[in-house]
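Let's take a walk around the partners held in this model, one binding surface at a time. Have the structure open beside you as you read.

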Amino acid sequence: MHDPKLFQLLTGPAANIRHATQLYSYLLRPTTANHNFADVVMRQFSVMLGGGPGERADYLQRLAPILRQQVEEQQLADVYEKIDLPLAPVLAVMERVGVRVDPEALDRMSHAMEKEVRRLEKEIWKLAGSEFNVNSPTQLAEILFDKLNLQPNARRGKAKARSTAADVLEELSAQHPLPAKIIEYREISNALPKLIHPETGRLHTSFSQTGTATGRLSSSDPNLQNIPIRSELGREIRAAFVAEEGKNLLSADYSQIELRVMAHFSQDPVLVEAFRNGEDIHARTAQEVFGVGPLAQNAEHRRAAKAINFGIIYGLSPFGLAQQLGIEQKEAAQFINAYFTRYRGVKDYLDKILADTRKTGVAKTLFGRIRPIPEINSPQVQLRNFAERTALNSPLQGTAADLIKLAMVNIDRRLAEETLEAKMILQVHDELLFEAPTKERAKLEKLVKEEMEGVHKLAVPIVVEIGVGPNWRDLD
DNA sequence: GGCGCGAGCCAC
DNA sequence: AAACGTGGCTCGCGCC
Ligand SMILES: Nc1nc2c(ncn2[C@H]2C[C@H](O)[C@@H](COP(=O)(O)OP(=O)(O)OP(=O)(O)O)O2)c(=O)[nH]1
Ligand SMILES: [Mn+2]
Ligand SMILES: [Mn+2]
């Protein structure tokens, strides 16, 4: 067959699948956008598929052994057999089960927020001195930079000279009250729930298993991997994702996952020791950058520190860090220096990754998943720089993806074996969301923690944080 | 009505 | 000169 998830959705469980050519194709070329049967056939045989079922079957017969051999040659058979293929039916079931939403709550919010957006729009028009489409960056730029003659900081590149992005508006708000209103307008209009709720009261996403270059999943129609969590307003939307009566939502999220993978790969003694001692690197960075101790830190501090930690290990420049923190480039450069002085092994590892990837042209995860990065040897500076940062990120992001996929397969099996009613309903890159009868809480918590933390032994402990509650916002 | 693109912004 | 990575969605805009 070609697409095992689709097969499961249409036909139900199938035992003994050998060839899933869609997954073969993806494992061989994860950076290719399309893995439709017709596209794969086109790439392999340079023919347009006519559409007849006989022709399809015929090409499938020819295609499968060819791709299979390539998969074996590239040592991808293990990832295929142990991770991606068994995951497909698990994803199909998750899609079919869906997640319950509270339609009234969403409607209430929609109405209230639309009203507020209308009010802000009028205010904005008044401050601007004319009516215009606030949603149009082009029109907004004319108002800000031509009509009101506001001056953006000169240090921006010329390509984005007339950007109206939030951080620019923030700077401009010193000169005029309008930019702040725009920010507020966008905050609300962005949070406006656009989720359509069906009669069943459950929302069904579609997980793509072949949609990312690193091995992560993606979610669409609707995307349930980017439900707001940062702003108070956005969190209202998250609260509309609820458990059925008599049930709980249980969320299990890996702690500092890619940093732990980094510790494993790099063997950096400071990082390894930190994790063995149960330390929180995100909190530590928050402490250093914002000068707030762990107890005084809020979610925003830690979130910002997260972006700094991952930014630095994935090639963030002094320019970028200065931008993120609103500090001088010199100070940012010193911070990055100090960072790699402390985690010297991380720096060495990153250098080695670059050298390796230049040699092989391929990034590889712990489990052998590959991502070709030929641009790393490009003579074009910009292309090469991008490729280098990609090479730094892919093995870590990809390994984290492999770990949770494997855990999902194992959890799915155990839920069946131990006949729990609990259902796995969402995956958000390093988080799994379950819906389960309140009675199953303790059992499920133990099972999930065991399987996620024990999925594979690393040089540092893998830790999972679990939250349980009536909706996706209020968990403890 | 739909496609493709860039800007902007949500999440991990 | 460029200047963390991985995604998807909405919108405006130009176009067919
Ligand atoms: N490059 C990059 N990767 C990120 C960023 N945010 C999240 N990630 C990746 C790395 C994280 O380990 C992984 C999971 O995200 P989480 O929000 O769960 O953060 P993390 O697990 O590191 O910390 P946690 O202990 O769960 O709060 O996704 C980012 O801003 N840049
Ligand atoms: Mn996490
Ligand atoms: Mn997470």
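## The surface near DNA strand C

DNA strand C is surrounded by 30 residues, and Ser-136, Asp-221, Ser-317, Phe-386 and Arg-389 are the closest; a residue is near a molecule or strand if one of its heavy atoms lies within 4 Å of it. Sugar or phosphate supplies 71% of the strand C atoms within 4 Å of the protein, with bases making up the rest. By class, this surface has six nonpolar, 19 polar and five charged residues. Here Ala, Val, Leu, Ile, Met, Phe, Trp, Tyr, Cys and Pro count as nonpolar, Asp, Glu, Lys and Arg as charged, and the others, Gly among them, as polar.

Several polar contacts (pairs of N or O atoms within 3.5 Å; within protein, one must be able to donate a hydrogen and the other to accept it, and residues adjacent in sequence count only if both atoms are side-chain atoms) reach the backbone of this strand. Ser-218 places a polar side-chain atom 3.0 Å from a phosphate oxygen of DNA strand C, and Arg-371 has a polar side-chain atom 3.0 Å from a phosphate oxygen too. For Asn-223, the partner of the polar side-chain atom is a sugar or linking oxygen, at 3.0 Å. Two or more residues of the surface come from each of strand S4 (218-220), H14, helix H15 (318-325) and helix H18 (381-417). H18 gives the largest share, six residues. Helices (H or I, at least four residues) and strands (E, at least two) are DSSP runs, numbered from the N terminus.

## How the model is read

This is a predicted model, in which local features need pLDDT of at least 70 and side-chain atom pairs count only at pLDDT 80 or more, while totals for chains, interfaces and linings use all residues. Residues are numbered from 1 along each chain as its sequence is written, chains are lettered from A and ligands numbered from 1 in the order in which they are written, and side-chain values use heavy atoms, with hydrogens and water left out.

## The surface near DNA strand B

Around DNA strand B there are 16 residues, of which Thr-164, Asn-226, Ile-229, Arg-230 and Asp-430 come nearest. Of the strand B atoms within 4 Å of the protein, 92% belong to sugar and phosphate. Thr-164 has a backbone N or O atom 2.6 Å from a phosphate oxygen of this strand. Arg-216 reaches a base instead: one of its polar side-chain atoms lies 2.9 Å from a base oxygen.

## The shell around ligand 1

Asp-253, His-282, Arg-302, Lys-306 and Asp-430 come nearest among the 13 residues around ligand 1. Arg-216 appears here as well, with a side-chain N or O atom 3.1 Å from an oxygen of ligand 1, and His-282 has a side-chain N or O atom 2.9 Å from a ligand oxygen. The shell comprises four nonpolar, three polar and six charged residues, and H14 provides the largest share of it, three residues.

## The manganese site

Which residues are the protein donors of the manganese ion (ligand 2)? They are Asp-253 (OD), Tyr-254 (O) and Asp-430 (OD), lying 2.0 to 2.1 Å from the ion. Donors are N, O and S atoms within 2.8 Å of the metal (3.2 Å for Na, K and Ca); water is not among the atoms, so sites may look incomplete. The arrangement is octahedral because the six donor atoms subtend angles of 78 to 176°. Six donors count as octahedral if opposite donors are over 155 degrees apart and all others between 65 and 115.

The manganese ion (ligand 3) is 3.5 Å from ligand 2, and Asp-253 coordinates both. Tyr-254 lies in strand S5 and Asp-430 in the loop between strand S8 (423-427) and strand S9 (431-437), so this pair ties together parts 176 residues apart in sequence.

Technical notes: Tetrahedral: all angles 85-135°; square planar, octahedral: opposite > 155°, others 65-115°.
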